[in-house]
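Dear colleague,

I am passing on the structure we spoke of, and I would be glad if you could look through it with the notes underneath.

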Amino acid sequence: MRFDLPDAYWKKDVALFFSRRFALVLKMLYPMAIIVPVAASGMPAKYAAAVIGIVAIMAGTFGAGESLTSDLNDGILARVALTPLSPRKLVFQILAVNAVLDFVQLSPALLIVYVLNPAPLAWVLAATFSVLATLVAANSIGVFIANFTSSPADVLLYATAMSFPLIYISGFFRNQDPDGVLALLRDFVPFAYMNDALKTVFGL
């Protein structure tokens with residue numbers, strides 16, 4: 001698959017995503033390899049939703065952060081800084097494009113989940129939107145971490161460390177109806193809404 005050279009900064013990540021055919025196949029298959037067996041297994045809804053949620057979070061945390069640190073190490077950001085492109089627009093482009101690409105990567109697996117676990121259209125749409133919101137939040141964590149390290153591996157490590165407390169607060173593997181401070185914090189974490197919507201899709 002061949003692409004013309006990108007004429008805008010955000011097109012770089014799109015071109016890299018689609019231009020390497022073997023890598024693209026692997027990117028599309030690995031979420032399916034994890035999510036589809038879970039969706040077909042009949043395991044309790046709260047655990048199935050938790051597995052899919054964690055796959056989505058892990059897919060998102062590395063996207064934008066890895067792109068930023070790689071461009072910094074390659075000198076691309078230094079050259080982009082000489083153009084009229086504002087830093088805000090640059091960060092927005094990286095965040096939005098990587099969230100959409102991550103969503104494309106997860107979409108086939110999500111479609112199979114919906115086929116194997118029929119649910120009302122409203123909940124399917126809610127689950128889909130909440131997954132996209134989770135990917136935006138996870139990519140935002142990666143962008144934040146990229147401010148403090150130039151190593152893509154460190155971005156993945158630190159972003160994962162930041163995600164674990166949010167996963168706990170969201171109630172993936174504990175009481176989903178907390179009280180007090182935890183209940184208040186849960187309302188501010190997008191992961192929680194994804195977890196609730198996916199559990200409903202799985203019939204809980």
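The notes below take up one helix, the aromatic pairs and a surface patch.

This is a predicted model, in which local features need pLDDT of at least 70 and side-chain atom pairs count only at pLDDT 80 or more, while totals for chains, interfaces and linings use all residues. Residues are numbered from 1 along each chain as its sequence is written, and side-chain values use heavy atoms, with hydrogens and water left out.

Helix H3 covers residues 45–74, and its 30 residues reach 44 Å from the first C-alpha to the last, close to the 44 Å expected at 1.5 Å a residue (the expected span being 1.5 Å times one less than the number of residues). Helices here are DSSP runs of H or I with at least four residues, numbered from the N terminus. H3 bends by about 25° at Glu 66, where the bend is the angle between axes fitted to the seven residues ending there and the seven starting there. After H3 comes Gly 75, which has a positive phi, near 85°.

Two residues of H3 differ in their exposure: Ala 50, which lies in this helix, is buried at a relative accessible area of 0%, whereas Tyr 47, also found in H3, counts as partly exposed at 37%. Buried means under 20% relative accessible area, exposed over 50%, and partly exposed in between, with a 1.4 Å probe and protein chains only. The C-alpha of Ala 50 is separated by 9.0 Å from that of Ile 167, although the two residues are 117 apart along the chain.

Tyr 47 also belongs to a nonpolar surface patch with Met 43 and Phe 173, and together they have about 300 Å² of accessible area (Shrake-Rupley method, 1.4 Å probe). Such patches join nonpolar side chains within 5 Å, from residues with over 30% relative accessible area and no salt bridge, that is, no side-chain nitrogen of Lys or Arg within 4 Å of a carboxyl oxygen of Asp or Glu.

The structure holds 2 aromatic pairs. Phe 17 and Phe 18 are edge-to-face, at 4.9 Å centre to centre and 75° between the planes; ring centres must lie within 6.5 Å to pair, and planes over 60 degrees apart count as edge-to-face. Phe 17 is buried at 6%, while Phe 18 is partly exposed at 25%. Phe 144 and Phe 148 are likewise edge-to-face, at 5.1 Å and 70°, with Phe 144 partly exposed at 43% and Phe 148 exposed at 62%.

With best regards

Key:
Phe/Tyr/Trp six-rings, centres within 6.5 Å; stacked < 30°, edge-to-face > 60°. Patch = residues over 30% accessible without salt bridge, like charges linked within 9 Å, V, L, I, M, F, W, Y side chains within 5 Å.
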